[in-house]
Structures are given as C-alpha cells and as structure tokens.
Amino acid sequence: MTKKNVVVPEAVAIAVAAPHGSAPLFPYPPPRASGGGAAGGFGIGRMLLTQLELGGRINAWVESMKASSPTHAKAAATLAAFPSTESSSSWIVKHPSALEVFDEIISQSKGKQIVMFLDYDGTLSPIVDDPDRAFMSDAMRAAVRNVARYFPTAIVSGRCRDKVYDFVRLAELYYAGSHGMDIKGPVKGPRYTKAKAKAVLFQPASEFLPMIDEIYKALLEKTKSIPGAKVENNKFCVSVHYRCVEEQKWVPLAEQVKAVIKEYPKLRITQGRKVLEIRPTIKWDKGKALEFLLESLGFANCNNVLPVYIGDDRTDEDAFKVLRERGQGFGILVSKIPKETNASYSLEEPSEVMDFLHRLVDWKRASLKARSRSVGSIRTSNP
Ligand SMILES: [Mg+2]
C-alpha cells in the first residue's frame, strides 16, 4: 500500500495546537511511541505520566488535555487557518476519503475475505456530552447488521463490553471491550464466512479487576467536587470524562486524578477524546485485540484476508499500526481535521462511516449477484 502519511515536523506541530502565547510541553500531534509497545504507553500518555511522576507540572498536562481533544475549538480553528497543501510539506495532509477512493479500496479486496473492525464512540455514534447517552441511530445499527451479514465484524471499544453491547445490540458481532481486554464472540452463529470462527472469551487482565474496582471508587470520591467530571467503570479500565468540565477546572481535576494514580504503579494513564483512561500496564491494546480476533477467526497466517479497522481515537492507532506493520488491510481514521495517523484513509464523521458501510454492502450484493448470474450462464451453456 502506498504510504500516504505526510507528517508534520514536531516544531510546527507544537505551534498548531498551542494556545496563543503558551509553550506546551507536549507536541500535537504526539510523537509516536518509540518501541515498548503498549507497555511503554502511547507517546503522550507516557509523557503525561512522566510529568506527573516528576511532581505535578499540571499545566503541562492540561495543555496535553487540550491538545489531545481533537474537537478542541482552538486546535481546529488554528488548523483551519493554515491550509494544508501538498506544496507545504510541513503540514499533515488529510488522507484520502475512503468514500472517494472506494473503488481503489475494493480492488485491494479481490480474492480476500474482508473482516471489519469498528470502534464505537465517535465512529458509530456521535461524541456527546453525556457518555451514557452516546446512542447509535437505528439507521447505523441496520448498516452494521447488514455488514455483519457478509463480513465477520467486531466492535472494538474502550467501553466496558456489556455497555457497548447495550448500545449496539447485535448478537452476531464480536465485541472487544475495555480496549480489547475483554473479548467475546457472537452469541448468534455467524452466517457469513467459511472462516473457522470459534467461541471466544478472552480476558487477559482479569487479575486487575479488584484493583480497577478500587480505583474507580477512589476516583469517584476524589473527583466529585469537580462539576461535570464523570468517572466510568469500564471493567478493565476506568475513564475520567472531562467533556463537561470547564477548562478552568482541568487543573484541579488533573491534580485529583494524579493523587489517586500515584498509589498504583501497575496502572497507567492514556488520553482519548476528552477522556483520561486509567488501565493496567499489561501489553494489550486494540491492536493486540485485532490480532487475537483475526486468529480466532482462522486468519492467523492467511494472505487471503483484508482487515479494515475504522476508528477516531488515539487508542485506535494501535490497531492502525498493526495493520500497517502486517502490510495487510488498512485503517480508516474518522476525523474532520488532518492528524498524524497510521491509518491510510479517512472519513469525516459517523454519517460518512454509515455511507461507507452501505457502499460495502451494495458492492458485495452486486458482486454476489454477478457471480450467480455467471454460474447460471455456465450451467445453461453446459446442460
Ligand atoms: Mg472512538
């Protein structure tokens, strides 16, 4: 696959996200983690933790929180003010729209089984203020159901598996909750594939359950004085949402979370879209979950598989990276603004994700119809 990433140099990247006059310590986009995989943390998460360990340069963390929230108005406005063009190689160029190059994508799938991996928040559902109300539309549910008729399909989310299942409510899918630390196969038998799908239930971080429970309670208690802060127990990780917290309160929130986390060296912090996530330091992430699911589906060492992963968040980068390193399949980043990413294509928002899923199903139906017509004509000519 052609490498389409054009990566902004770090110095320029800092300028992109920095509020006027400030000098954030964390570049945006963050540098890629250099080795160490998930255990080394994602670039920004690792730096964030280092900052915390160094003793509370909380303002730096807050800058990181602003920069890591892709919908942050200042960052978006700054990006909009500086057009990203091919001639200006110092800017990130937006990846081709998966809708515009749909035929190119389909040509890569010739002779291969497409396997779909879908993030939930910001991909199938809009990002909303109350994470408990991030419902997907019936139209999106129908689109995902249709996709699952033809392709093995998994939902991969940072949410707790039960919660994401309650949102999606499709028994024929695979679900990887808690960033892939809680994986379960379809309740309903898949109808789509010759792959040797087997019953799956995988929980690589089960020993952390009591600790996660404990930290959830501690974070609830510590953050209750911050209006708008919402702590969510995702079973194998805890999310502290700050989408409804005023920016002036981000410093106290950061301090409260820091005070709790320093007691737990076996946990680490990563950042998503307006959310801080506290999770075990095990080497497991959405990329590992993708590999595990491919293996469970019988595609471990196959060349005839095309995994497609659609996601909007930094945590989805682990899966994009796995696909890029395997040289197999591709990632699609859901984002309105250009970002550094290991994905190969982009879609702007969940409505475009739905359009893409529709087109995939339409193409599959048309190709099955064409195949059955050609089989019919061979039978007719060879009675
Ligand atoms: Mg997401």
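Start with helix H12 (350-381), which in this predicted model supplies 3 residues to the patch of positive charge, the largest share. To see the whole patch, select Arg145, Arg149, Arg365, Lys369 and Arg373, which gather on the surface. Helix H6 (138-150) should be coloured along with helix H12 (350-381), since each of the two helices supplies at least two residues of the patch. Among the members, Lys369 is a convenient one to centre on: Lys369 has its place in helix H12, and with a relative accessible area of 56% Lys369 is exposed.

Next, select the magnesium ion and show the atoms that coordinate it. Which residues hold the magnesium ion? The ion is coordinated by Asp119 and Asp312, each through OD, and by Asp121 through O, at 2.1 to 2.2 Å. Read along the sequence, these donor residues follow the spacing D-x1-D-x190-D. Asp121 lies in the loop between strand S1 (113-118) and H6, whereas Asp312 lies in the loop between strand S10 (305-311) and helix H11 (317-326), so the pair ties together parts that are 191 residues apart in sequence. If you now switch on a surface, are Asp121 and Asp312 buried or exposed? Asp121 is buried, because its relative accessible area of 14% falls under the 20% limit for that class; Asp312 is likewise buried, with a relative accessible area of 2%.

From there, move to Asn342, which is found in the loop between strand S11 (330-334) and strand S12 (345-347). Asn342 counts as buried, at 9% relative accessibility. To place Asn342 against another part of the chain, draw a distance from its C-alpha atom to that of Ala319: the two atoms are separated by 8.7 Å, while the residues are 23 apart along the chain.

The last stops concern the backbone. Most residues other than glycine have a negative phi, and it is with this in mind that the next two selections are worth making. Select Arg169 in the loop between helix H7 (161-168) and strand S3 (174-177), where the phi of Arg169 is near 55 degrees, a positive value in a residue other than glycine. Then go to Lys235, in the loop between strand S6 (230-233) and strand S7 (238-241); the phi of Lys235 is near 70 degrees, again a positive value in a residue other than glycine. With the surface still displayed, Lys235 counts as partly exposed, at 29% relative accessibility.

Key
Residues are numbered from 1 along each chain as its sequence is written. This is a predicted model: local features need pLDDT of at least 70, side-chain atom pairs count only at pLDDT 80 or more; totals for chains, interfaces and linings use all residues. Side-chain values use heavy atoms; hydrogens and water are left out. Patches are made of residues with over 30% relative accessible area and no salt bridge: like charges are joined within 9 Å, nonpolar side chains (Val, Leu, Ile, Met, Phe, Trp, Tyr) within 5 Å. Accessible areas come from the Shrake-Rupley method with a 1.4 Å probe; for residues, only the protein chains shown count as cover. A salt bridge is a side-chain nitrogen of Lys or Arg within 4 Å of a carboxyl oxygen of Asp or Glu. Lys and Arg count as positive and Asp and Glu as negative; His and the chain ends are not counted. The place of a charge is taken as NZ of Lys, CZ of Arg, CG of Asp or CD of Glu. Helices (H or I, at least four residues) and strands (E, at least two) are DSSP runs, numbered from the N terminus. Buried means under 20% relative accessible area, exposed over 50%, partly exposed in between (1.4 Å probe, protein chains only). Donors are N, O and S atoms within 2.8 Å of the metal (3.2 Å for Na, K and Ca); water is not among the atoms, so sites may look incomplete.
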